[in-house]
Amino acid sequence: MIMQRVLVLSGVLKKRIWGGHYFRDTLKITDDSEPYGEYWTLSAHPNGESIVINGKFTGIKLSQVYHEHRYLFANIKKNQFPLLVKIIDAAEDLSIQVHPGDSYALRHENELGKNEFWYILDCADDAKLILGHNASDKDELIKMINENKFDMLLNKRNIKKGDYFFIKDGTVHAICKNTIILEIQQSSDVTYRIYDYDRTDKDGNKRELHLEKAIDVIRANQNYDKEEYFEMNLSDTLIHKLTDNRYFKTYHYQIIDQVSIANLNHIFYLGTVISGEPTVDGIKIIPGQSFIITSIAENVVINGKSEIIITTL
């Protein structure tokens with residue numbers, strides 16, 4: 001039995017038609033001039049897997065560690081690692097899209113559904129996102145989609161750095177241009193596109209739409225109620241709970257000097273550094289990098305002025 005307290009992870013870059021150069025210019029992850037849209041900073045999904053880069057598990061995929069050493073993950077019964085964390089650089093508008101829930105996705109795609117959470121890392125002063133629709137029922141929704149009345153159909157919201165949103169499955173949504181987002185989601189890569197601005201790839205081909213499946217899973221009533229939870233002000237750390245849903249709980253830690261994670265319940269934590277270069281259990285973590293505090297670690301100290309997004313089940 002390997003008793004490793006903290007797993008530090010590599011990530012996987014993804015080229016996207018709407019991507020930019022945040023990962024080159026700001027995070028310094030690549031020097032490639034190609035536009036990248038996503039960095040899967042913590043993933044056990046087969047479409048892009050993190051590798052452990054510290055300790056006795058160095059060089060091993062997260063999925064393998066999860067399957068062979070479940071005691072590090074509180075011995076949870078889920079067949080696959082349940083969550084995926086990514087950073088998104090939207091230099092241009094993403095497609096208008098929707099994600100299915102578990103039952104539909106498992107039946108049609110042999111994947112989990114996709115409920116997700118967005119934390120706005122940065123954005124332009126006039127940035128917006130799309131969240132929800134204005135159709136009163138499925139018939140009106142179908143009519144507006146078929147008639148390309150997306151300006152009338154979609155709800156646009158102004159956003160600013162530090163805003164956050166839980167996107168429930170069945171919710172029409174889109175990230176708009178000039179926005180950097182940290183996304184925490186179920187471990188799934190299922191997206192149904194509704195509209196993609198008639199864009200073409202480098203070969204002149206339009207990307208596939210998935211209207212039939214999208215209409216199947218879109219919820220009719222899409223009023224959005226923002227979650228509001230506690231803030232806890234410790235001597236050196238401000239902790240703000242951001243979301244609490246059936247899939248995960250997420251917190252924003254603003255650390256002035258030092259904080260201790262007292263893991264008395266022997267759960268595991270996912271962390272992603274969004275500013276600063278703290279040490280976690282003595283290991284330096286840089287912005288954009290993720291780590292897991294395993295369930296065998298009873299107390300882990302994080303040192304250094306920083307901001308970290310921390311998630312638990």
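This report describes the largest pocket, the salt bridges and the strand pairing of a predicted model.

## The largest pocket

The largest pocket has a volume of about 380 Å³, and its lining is made up of 22 residues, with Arg 16, Trp 18, Glu 38, Gln 97 and Thr 191 lying nearest the centre. Sorted by class, the lining comprises nine charged, seven nonpolar and six polar residues.

Several strands contribute to this lining, since at least two residues of it are supplied by each of β2 (12–20), β6 (83–90), β8 (116–123) and β12 (173–175). Of the residues nearest the pocket centre, which include Arg 16 and Glu 38, these two also belong to a network of salt bridges that links them with Lys 86, Lys 114, Glu 116 and Glu 183.

## Salt bridges

Over the whole structure, a search finds 17 salt bridges. Side chains of opposite charge can pair when their charged atoms come close. One such pair is formed by Asp 163 and Lys 160, whose closest N and O atoms are 3.0 Å apart; Asp 163 counts as buried because its relative accessibility of 12% falls under the 20% limit, whereas Lys 160, at 52% relative accessibility, counts as exposed because the limit for that class is over 50%.

Asp 196 takes part in a salt bridge with Arg 199, where the closest N and O atoms are 2.6 Å apart, and in another with Arg 207, where the N to O distance is 3.1 Å. Arg 207 and Asp 196 both lie in the loop between β14 (192–195) and α6 (211–217), so their pairing ties together parts that are 11 residues apart in sequence. Asp 196 is buried, with a relative accessible area of 5%, and Arg 199 also counts as buried, at 18% relative accessibility, while Arg 207, at 21%, counts as partly exposed.

## The seven-stranded sheet

Strands of a sheet pair through backbone hydrogen bonds, either parallel or antiparallel. In this model, seven strands form an open sheet with antiparallel pairing, in the order β1-β22-β19-β24-β17-β16-β15. Its edge strands are β1 (6–9) and β15 (231–233), each of which pairs on one side only, and neighbouring strands of the sheet are turned against each other by 20 degrees on average, with direction ignored.

Within this sheet, β16 (residues 237–244) and β17 (residues 249–255) run antiparallel and are joined by seven bridges; the bridge partner of Lys 241 is Tyr 251 in β17.

## The four-stranded sheet and the β8 and β11 pair

A further open sheet, with four strands in antiparallel pairing, follows the order β18-β23-β20-β21. The strands at its edges, β18 (258–262) and β21 (283–284), have a single partner strand each, so one side of each is left without a neighbour in the sheet. Between β20 (residues 279–280) and β23 (residues 299–303) the antiparallel pairing extends over two bridges, and Thr 279 stands opposite Asn 303 in β23.

Strand β8, which supplies at least two residues to the lining of the largest pocket, pairs with β11 in the antiparallel sense over four bridges, and Trp 118 stands opposite Phe 165 in β11. Strand β11 (residues 164–167) is covered on both faces, with Tyr 164 and Phe 166 buried on one side and Phe 165 and Ile 167 buried on the other.

Notes
Residues are numbered from 1 along each chain as its sequence is written. This is a predicted model: local features need pLDDT of at least 70, side-chain atom pairs count only at pLDDT 80 or more; totals for chains, interfaces and linings use all residues. Side-chain values use heavy atoms; hydrogens and water are left out. On a 1 Å grid over the protein atoms alone, a cavity is a set of points where a 1.4 Å probe fits but cannot get out, and a pocket is an open set with protein on both sides within 12 Å along at least five of seven lines; lining residues have an atom within 4 Å of a point. Grid points are joined across faces, edges and corners, and a volume is the space filled by probe spheres set on the points. Ala, Val, Leu, Ile, Met, Phe, Trp, Tyr, Cys and Pro count as nonpolar, Asp, Glu, Lys and Arg as charged, and the others, Gly among them, as polar. A salt bridge is a side-chain nitrogen of Lys or Arg within 4 Å of a carboxyl oxygen of Asp or Glu. Buried means under 20% relative accessible area, exposed over 50%, partly exposed in between (1.4 Å probe, protein chains only). Two strands pair if DSSP finds at least two bridges between them. Axes are lines fitted to C-alpha atoms, for helices over the stretch in contact, and angles run from 0 to 180 degrees between N-to-C directions.
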